[in-house]
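User: I'd like a close look at one part of this model, strand pairing above all. Keep it casual, but give me the cut-offs as you go.

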Amino acid sequence: WVSFGVGVLGSTLMIPGDAIMGLPNNDVVEFNPGKYVMDDRSLTGVRLYPSEMQTLQNVSLVQNSSGTILEFSKKLVEPGELPINGDGVNNFMWAYGANNAFNIHAAFGAFQLELRTCVPNERPLPDSGSGFVDLTEDTHETDWQAHGAIAAIAWGVVSPIAIGASMLRGFLPPGILWLQIHFYLNLLLLTMTIISFLVAVAATEKKSGSVHFSDNDHSKAGLVIFLFSFVQVAFGIARPPAPKKNDDGTMGNKQPVRMLWEFGHRVFGIFLLAFCWWQVQDGLKLYAFLFNADDLSPVFWGIAAGLSGIIFLLYVYDKVLAGDDGGQAAHTVGKKTDDNGDGNGDRDGEEEEERDA
């Protein structure tokens, strides 16, 4: 399919705008070629004008091995439509699809053109009609690729491993190694989130007419995730102290504030992870829609869910073996033993290690 549009003077945006579209091999659309109004960048925002406004003349739509040719005649000024200045500067735009199906454009552009009124039997001046200015903007596709790749790796790979370091501490050597892995991977996760966020902000800044965090729900959700990531990391750093040992060597009871912190840190972490998974897959779908690319969201789900599934199965395996001394010894590099006989040897050791850390 191909289209030619009229935009607002001085703007490079498709909205608001009018377009004449030709959809080859489409018998469903009543007027083809036809006039469309564009008031939103989504497909639902491109609508066929009502029949009384379909005033095109000399229309022709031909498709052959070399391409698609759209021809039409249109009045310069018509009620309810953006006017074309026949004696001045105008904004025009063009687009074509990857195929004949009405979908997001494969390529698009805009240009400014000065028109002059034709005078019968009079030759135009040498500079007449020479006011052509290409307004086609860089789509900054590379920036959005970097934004999506960093976010996908951060929340699809780094975050599950960071959580897994805490869940699978029984598979690691005794000491604070699990806590170090968990802590520094979360710092890496925060750093990657900041970079991904700033790349998106920079790409938006380069696009004329765009307002930060208002174009779509995806950008608003990205701002929320950016802020929530700081909250979660700060929440982890500001954890209440672990219980101390009593005089008899046994571990003291957890304070209510510690128990509340553990619950809140885990619940908020799971919520943030789920929120980010949804955001990443939404971004991958949005990228595929805007740039006519393959939808990689199933690949993301496969990696994120697969890695998380492996971690969960190992966690269940570890907990099942926790009641079997033989099995526990077989897979653990070396846990602290229950020296005080309170039945919480592993937890005592972990909390002592955390307090030391």
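Which residue in S9 stands opposite Leu113? Start there and work outwards through the sheet.

Analyst: Leu113 faces Phe132 in S9. Before going on, some ground rules: this is a predicted model, where local features need pLDDT of at least 70 and side-chain atom pairs count only at pLDDT 80 or more, while totals for chains, interfaces and linings use all residues. Residues are numbered from 1 along each chain as its sequence is written, and side-chain values use heavy atoms, with hydrogens and water left out.

Strands here are DSSP runs of E with at least two residues, helices are runs of H or I with at least four, and numbering goes from the N terminus. Two strands pair if DSSP finds at least two bridges between them. By that rule, S8 (residues 107-114) and S9 (residues 132-134) are antiparallel partners, with three bridges. Another pair here is Phe111 with Asp134, the latter in S9.

Asp134 deserves a pause. With a relative accessible area of 53%, Asp134 counts as exposed, because exposed means over 50%, buried under 20% and partly exposed in between (1.4 Å probe, protein chains only). Skipping neighbours within four places in sequence, Asp134 is in contact with Ala110 and Phe111, where contact means heavy atoms within 4.5 Å. The C-alpha atoms of Asp134 and Phe92 are separated by 9.8 Å, and these residues sit 42 apart along the chain.

Now the wider sheet. S9 belongs to an open sheet of seven strands, ordered S4-S3-S2-S1-S7-S8-S9 with antiparallel pairing. Its edge strands are S4 (46-48) and S9, each pairing on one side only. From one strand to the next, the twist averages 25°; angles run from 0 to 180 degrees between N-to-C directions, and axes are lines fitted to C-alpha atoms, for helices over the stretch in contact.

Moving inwards from S9, S8 pairs with S7 in the antiparallel sense through eight bridges, and Tyr96 has Ala107 in S8 as a bridge partner. Next along, S7 (residues 89-96) shares six bridges with S1, also antiparallel. Ser3 shows how S1 connects in two directions: Ser3 stands opposite Ala95 in S7, and in S2 the bridge partner of Ser3 is Met21. S1 and S2 (residues 17-22) run antiparallel and are joined by six bridges. S1 itself (residues 2-7) is mostly covered, with five of its six residues buried.

Past S2 comes a loop with a couple of backbone quirks. Most residues other than glycine have a negative phi, and most peptide bonds are trans. Asn25, in the loop between S2 and S3, has a positive phi of about 60° without being a glycine. Asn25 counts as exposed, at 71% relative accessibility. Pro33 lies in the loop between S2 and S3 (34-38) as well, and a cis peptide bond with omega about 5° joins Asn32 to Pro33. There is another positive phi at Asn58, near 55°; Asn58 is placed in strand S5 (residues 57-64) and is exposed at 60% relative accessibility.

To round off, a quick word on the helices. Two packed helices are described by the angle between their axes and the distance between the axes. H1 (residues 141-167) and H2 (residues 177-206) have axes that come within 9 Å and cross at roughly 165°. H1 and H2 are therefore roughly antiparallel, since angles over 145 degrees count that way, under 35 as roughly parallel, 65 to 115 as roughly perpendicular and the rest as oblique. Their crossing is left-handed, that is, the near helix is turned anticlockwise from the far one by less than a right angle (clockwise would be right-handed). Residues of this contact divide into 23 nonpolar, eight polar and two charged; Ala, Val, Leu, Ile, Met, Phe, Trp, Tyr, Cys and Pro count as nonpolar, Asp, Glu, Lys and Arg as charged, and the others, Gly among them, as polar.

One residue of H1 to look at is Ser159. Ser159 counts as buried at 4% relative accessibility, and, not counting residues up to four places away in sequence, touches Ala154, Leu189 and Leu273.
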